[in-house]
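Let's walk through this structure together, one helix at a time, and then look at the side chains that connect the pieces.

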Amino acid sequence: MSETQDDIPELLREANRMAEVVREFAWMHLEAHRDALREVLAYQRREGRALAFRGEDPEPVRVETERRLAEERAAFRAKLVSLLAWARETGRM
């Protein structure tokens, strides 16, 4: 995980200190992020089990899962950064 992605909790706290509309958008982004992570983990469970039951190595599924999780986290972070920039530009602080 990159260092910049570790600031997601702080970005969420910052959004929480802003106007209600910003908090609502942050919450919507967080819920969508959670749903996306659930989908990635469902993929891991489904595909990893299928490989394991066939006696194959599930390592490729683990690698793909980690890639997808990192991708989702980066996309979520980008949405938060964009939301906060919009809030500052429009005075919704």
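A good place to begin is helix 3, which has 31 residues and reaches 45 Å from its first C-alpha to its last, close to the 45 Å expected at 1.5 Å a residue. Keep in mind as you look that this is a predicted model. The helix runs over residues 59–89, and it is followed by G91, whose phi is positive, near 75°.

Which residues of helix 3 are buried? They are V61, T65, F76, L80, L83, L84 and A87. The cover over these buried residues includes helix 1 and helix 2. T65 makes a nice example to zoom in on, since it belongs to helix 3 and, with a relative accessibility of 2%, falls under the 20% limit and so counts as buried. Leaving aside residues up to four places away in sequence, T65 touches V40, L41, Y43 and Q44.

Those contacts lead us to helix 2, which spans residues 20–53. Helix 2 has 34 residues, and its first and last C-alpha atoms are 49 Å apart, close to the 50 Å expected at 1.5 Å a residue. Like helix 3, this helix has a glycine after it: G55 follows helix 2, with a positive phi near 80°.

The buried residues of helix 2 are V22, A26, L30, H33, A36, V40, Y43, G48 and L51, and they pack against helix 1 and helix 3. Two of the names here, V40 and Y43, also appeared among the residues that T65 touches. A36 is another member of helix 2; its relative accessibility is 16%, so it counts as buried. To get a feel for distance along this helix, compare A36 with L51: they are 15 residues apart in sequence, and their C-alpha atoms are 23 Å apart in space.

W27 also lies in helix 2, but its relative accessibility is 44%, so this tryptophan counts as partly exposed. From W27, look across to A15, which is 12 residues away along the chain; the C-alpha atoms of the two are separated by 9.2 Å. A15 falls within the range of helix 1, residues 8–16.

How do helix 2 and helix 3 sit against each other? Two packed helices are described by the angle between their axes and the distance between the axes. Here the axes of helix 2 and helix 3 come within 10 Å and cross at roughly 175°. An angle over 145 degrees counts as roughly antiparallel, which is why helix 2 is described as roughly antiparallel to helix 3. The residues that form this contact divide into 18 nonpolar, five polar and six charged.

Now for the charged side chains. How many salt bridges does the structure hold? There are 12. One of them joins R88 to E14, with the closest N and O atoms 2.2 Å apart. This pair links distant parts of the chain, with R88 in helix 3 and E14 in helix 1, 74 residues apart. R88 has a relative accessibility of 39%, so it counts as partly exposed.

Other salt bridges sit within helix 3 itself, including the one between R62 and E66, whose side chains meet at 2.4 Å, N to O. The two residues are four places apart in helix 3, so about one helical turn separates them. An α-helix has 3.6 residues a turn, so residues three or four places apart point the same way. Both partners are partly exposed: R62 has a relative accessible area of 32%, and E66 has one of 47%.

E64 and R67 offer a related arrangement, this time three residues apart in helix 3, again about one turn of the helix. Their salt bridge brings the closest N and O atoms to 2.6 Å. R67 is partly exposed, with a relative accessible area of 42%. The pair does not stand alone, for E64, R67, R68 and E71 are linked in a network of salt bridges.

Taken together, helix 3 is a good thread for following the structure: helix 2 runs roughly antiparallel to it, helix 1 and helix 2 are among what covers its buried residues, and R88 ties it to E14 of helix 1.

Key
Residues numbered from 1 in each chain as written. Predicted model: local features only at pLDDT ≥ 70, side-chain atom pairs only at ≥ 80, totals over all residues. Heavy atoms only, no water. Salt bridge = Lys/Arg side-chain N within 4 Å of Asp/Glu carboxyl O. Buried < 20%, exposed > 50% of the residue type's maximum accessible area, 1.4 Å probe, protein only. Axes fitted to C-alpha atoms, helices over the stretch in contact; angles between N-to-C directions. Parallel < 35°, antiparallel > 145°, perpendicular 65-115°, else oblique. Nonpolar A, V, L, I, M, F, W, Y, C, P; charged D, E, K, R; others polar. Expected span 1.5 Å × (residues − 1). Contact = heavy atoms within 4.5 Å.
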